[in-house]
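The following exercises concern a single protein chain. Please study the sequence and the structure, attempt each task, and then compare the result with the worked solution.

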Amino acid sequence: MGSWSPYDDNGGTILAVAGEDFCIIAASTRLSTGYSILTRDSSKLLRLAREGLHFCIGLHALFFAEHGSGKELMQPVLDNQLAADSPLLMPSRKTLTALPLDHALDLVKGAFVAAGERDIYTGDAVEIMIMTKEGIRTERMDLKLD
């Protein structure tokens, strides 16, 4: 017999990439429970102020830092392509990517397309917020529907 819990992993994936003068934060918009899609348009990014964002995936994010269900699919490619040192190295080294903004944005979009093809909880669309010294701009990219 199953027991009820207020916590549910609603799937989805969030990705953040920091550069010298930018930060890209992207999140899939699908909200699921089990094999059921609850909505295809759930924002996981919240703009708090002109220069601040908050992001979370599902109810687990109330207590835990989650990257989402597609992280295992994205991380090896991003580690290879971004070529940033690990923040765990001692002495600490720079962890910002040397890629220019347009290349980093293409990489983020490609990572979500790849994850959306293989992960049932990452799909429908990606909301992308790009933070620069000029402010925050938002883009949206459709993914496949299933």
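**Exercise 1.** Determine whether Asp 124 is buried or exposed in this predicted model, and describe its backbone.

*Solution.* Step 1: a residue is called buried when its relative accessible area is under 20%. Step 2: Asp 124 has a relative accessibility of 4%, and therefore counts as buried. Step 3: Asp 124 is located in the loop that runs between α2 (101-118) and β7 (125-132). Step 4: most residues other than glycine have a negative phi. Asp 124 is not a glycine, yet its phi is positive, at about 75°.

**Exercise 2.** Identify which residues are linked with Asp 124 in a network of salt bridges, and locate each of them.

*Solution.* Step 1: side chains of opposite charge can pair when their charged atoms come close. The criterion used here is a side-chain nitrogen of Lys or Arg within 4 Å of a carboxyl oxygen of Asp or Glu.

Step 2: Arg 30 meets this criterion with Asp 124, since their closest N and O atoms are 2.8 Å apart. Arg 30 belongs to the loop between β2 (23-28) and β3 (31-33), whereas Asp 124 belongs to the loop between α2 and β7, so this salt bridge ties together parts that are 94 residues apart in sequence. Arg 30 is buried, with a relative accessible area of 0%.

Step 3: Arg 40 also forms a salt bridge with Asp 124, with an N to O distance of 2.5 Å. Arg 40 lies in the loop between β4 (36-39) and β5 (45-49), so its pairing with Asp 124 joins parts that are 84 residues apart in sequence. Arg 40 is partly exposed, at 34% relative accessible area.

Step 4: the network therefore consists of Arg 30, Arg 40 and Asp 124.

**Exercise 3.** How many salt bridges does a search of the whole structure find, and what does the pair of Arg 140 and Asp 41 tie together?

*Solution.* Step 1: the search finds five salt bridges. Step 2: one of them joins the side chains of Arg 140 and Asp 41, at 3.1 Å from N to O. Step 3: Arg 140 is in strand β8 (residues 135-142) and Asp 41 is in the loop between β4 and β5, so the pair connects parts 99 residues apart in sequence. Step 4: Arg 140 is partly exposed at 48% relative accessibility, while Asp 41 is exposed, with a relative accessible area of 53%.

**Exercise 4.** Describe the surroundings of Asp 119, which is buried yet has no salt bridge.

*Solution.* Step 1: Asp 119 is placed in the loop between α2 and β7. Step 2: the nearest side chain of opposite charge is that of Arg 30, 7.6 Å away; the cut-off for a salt bridge is 4 Å. Step 3: the side chain of Asp 119 instead has a polar contact with the side chain of Ser 69, at 2.6 Å. Step 4: leaving aside residues up to four places away in sequence, Asp 119 touches Thr 13, Ser 69, Gly 70 and Leu 73.

**Exercise 5.** Summarise the chain as a whole.

*Solution.* Step 1: the chain contains two helices and eight strands, arranged along the sequence as β-β-β-β-β-β-α-α-β-β. Step 2: of its 146 residues, 36% count as buried. Step 3: among contacts between residues at least 6 apart in sequence, 62% join residues at least 24 apart. Step 4: the accessible surface of the chain is about 8900 Å², and carbon and sulfur atoms account for 57% of that area.

Terms used:
Residues numbered from 1 in each chain as written. Predicted model: local features only at pLDDT ≥ 70, side-chain atom pairs only at ≥ 80, totals over all residues. Heavy atoms only, no water. Helix = DSSP H or I, 4+ residues; strand = E, 2+ residues; numbered from the N terminus. Buried < 20%, exposed > 50% of the residue type's maximum accessible area, 1.4 Å probe, protein only. Contact = heavy atoms within 4.5 Å. Areas by Shrake-Rupley, 256 points an atom, 1.4 Å probe, with all protein chains shown as cover. Lys, Arg positive; Asp, Glu negative; His and termini not counted. Polar contact = N/O pair within 3.5 Å; in protein donor to acceptor, adjacent residues only side chain to side chain.
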